[in-house]
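Could you open the model in your viewer and keep the selection panel at hand? We will go from one stop to the next, with a selection to make at each.

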Amino acid sequence: MSDLHDDKILILDYGSQYTQLIARRVREAGVYCEIYPWDVEFEQIRDFGARGFILSGGPESTIGGETPEVPLELFDLELPVLGICYGMQAMAQQLGGRVENAGKSEFGYASVRACGHTELLRDIQDYQTDEGHGMLDVWMSHGDRVAEIPPGFKLMASTESAPIAGIADESRRIYGLQFHPEVTHTKQGVAIYRRFIHHICGCGSEWTSANIIESSIADVRAKVGTDEVILGLSGGVDSSVVAALLHTAIGDQLTCIFVDNGLLRYQEGDQVMSQFADHMGVRVIRIDAEDRFLAKLEGLSDPEDKRKAIGNLFIEIFEEQADKQNNARWLAQGTIYPDVIESAGAATGKAHLIKSHHNVGGLPEDMKLELVEPLRELFKDEVRQIGIELGIPREMVYRHPFPGPGLGVRILGEVNKAFADTLRLADHIFIEELRKHDLYDQVSQAFVVFLPVKSVGVTGDGRRYNHVVSLRAVETIDFMTARWADLPYDFLDHVSRRIMNEIEDISRVVYDISGKPPGTIEWE
């Protein structure tokens, strides 16, 4: 099998909320890609070895002060380039064109006419006008527009509000689109990306789940040899897929350490042991460490402090177990690509740190075990596809994400056993009702948050002064952006009443309607 990284695309990110979608479209076309920040050193761009480049959109304007630029050396590489929205505008301006403010922003659907014949858009259309012009239904999101085409380029697409909605220099294989082909609203977006990736860049289609599994198994075997590997098994999607992948690759060399830290979901410990140890034959050691974790968290209220305390104690426990394994040298983790991006874990380190992820932050410098992270290059949807192919039950693979620190970061402020037990039951009721009402798979992530406040309530003729919890449910494609789920009012009312009736420590239930951005999906 050829190297899955031989054909690859590099995406330069200019801050668009859709950049992750661009990467998904490339991966779905069977081609590996990575995302670099726009201001990465050019040597890294050159040395990546891409067969083509995609410049994302972004919130900035090319008009006025210092704005993100396209490195002009990029065009000297004589490789295909596709600029999207801001990427097109920046490219056009730097290559001798002119950009102006459109007068008013354009957000939403637009009909684009393909002008002239270009390799990118040839025979790609949604319908034809009476005059025989090919038209595309697309999604626009911009305030500026290209006013003059750079020398050497020709008009490729136009709309009434954006007369220059696409440009092409076919001799140099450089293309620009004002609209966003990565979003599903652009009906022919997939076809456009596939035309660029396969036909113009010459990439194959080797990046498939089956090939990724085969390549990952070979990589793991080559890396660890006959050494033993320890994996922290949480029961979440990522660690579960890592467990199945490593078990397939190295069998009994894998020892899964399932740490019951007292911060897991309702009856999760028994479920994990049943699935992996009993049904899949994976070697799993279960450790009851609730007291140790709660003691470590005592007095801590800052979320970063809690995350690092939990992460460090996990590693301590792993190392304790490693001492009992004669040949253990490796610690496996379920790190995935969005973890790396959001934690500023990329090589440049230029991204702003939003929060440290359990998988990529908080590891002690003197850790004795080396890391093996077979999912580090994958997006969540790719991880799930691999899990299905490895035979993991769908209900486990498509279970909602759960943070590495567990309920430790869903209890705001200081953590204790009483709060954890209360939150666990409330969360169980919420998830149970989502499943009963066929809403679980319609939302991307749902959970309950324990708030560090109390509220007055009434039970019968008595006054109660108890805790407040918040329901949280979001819809998202890539977990980099999200919108709150518009759950039916009757459903929310039913869940709220169940929680308050069945858990006497809770007197009030609220629903979180914050999006990401400006919020994050988790509260801490």
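This tour of a predicted model visits a helix, the cysteines and some salt bridges.

**Stop 1: helix α5**

Start by selecting residues 189-200, which form helix α5. The helix has 12 residues, and from first C-alpha to last it reaches 15 Å, close to the 16 Å expected at 1.5 Å a residue. Now show side chains for Gly189, Ile192, Tyr193, Phe196, Ile197 and Ile200, the buried residues of α5. These residues cover an arc of only 125 degrees around the axis, so they sit on the same side of α5. To see what covers them, add α1 (19-28), β3 (52-55), β4 (81-84), β7 (134-148) and β10 (174-177), which are among the covering elements. Before leaving, step just past α5 to Gly202, where phi is positive, at about 75 degrees.

**Stop 2: the cysteines**

Next, select Cys115 and Cys85. How far is the sulfur of Cys115 from the closest cysteine sulfur? The distance is 18 Å, to Cys85, which is too far for a bond. With a cut-off of 2.5 Å between sulfur atoms, the count of disulfides comes to 0. Cys115 is buried, at 12% relative accessibility. Cys256 is worth a click too: this residue is buried, with a relative accessible area of 0%.

**Stop 3: salt bridges**

The whole structure holds 35 salt bridges, and here are a few to pick out.

Select Arg51 and Asp7 first. Their closest N and O atoms are 2.4 Å apart. This pair links distant parts of the chain, 44 residues apart: Arg51 lies in the loop between α2 (42-47) and β3, while Asp7 belongs to the segment before β1 (8-13). Are the two partners buried or exposed? Arg51 is partly exposed at 35%, whereas Asp7 is buried at 18%.

Move on to Arg25 and Glu28, whose side chains meet at 3.1 Å, N to O. Both are in helix α1, and because they are 3 residues apart, about one helical turn separates them. Arg25 counts as buried, at 11% relative accessibility, and Glu28 as partly exposed, at 36%.

Then select Glu100 and Arg98, a salt bridge with its closest N and O atoms 3.7 Å apart. Glu100 is partly exposed, with a relative accessible area of 24%, and so is Arg98, with 37%.

For the last selection, take Glu432, Glu433, Lys436, Arg498 and Glu502 together: salt bridges that share partners join them into one network.

Key. Residues are numbered from 1 along each chain as its sequence is written. This is a predicted model: local features need pLDDT of at least 70, side-chain atom pairs count only at pLDDT 80 or more; totals for chains, interfaces and linings use all residues. Side-chain values use heavy atoms; hydrogens and water are left out. Helices (H or I, at least four residues) and strands (E, at least two) are DSSP runs, numbered from the N terminus. The expected span of a helix is 1.5 Å times one less than its number of residues. Buried means under 20% relative accessible area, exposed over 50%, partly exposed in between (1.4 Å probe, protein chains only). The arc is that of the directions from the helix axis to the C-beta atoms. Contact means heavy atoms within 4.5 Å. A salt bridge is a side-chain nitrogen of Lys or Arg within 4 Å of a carboxyl oxygen of Asp or Glu.
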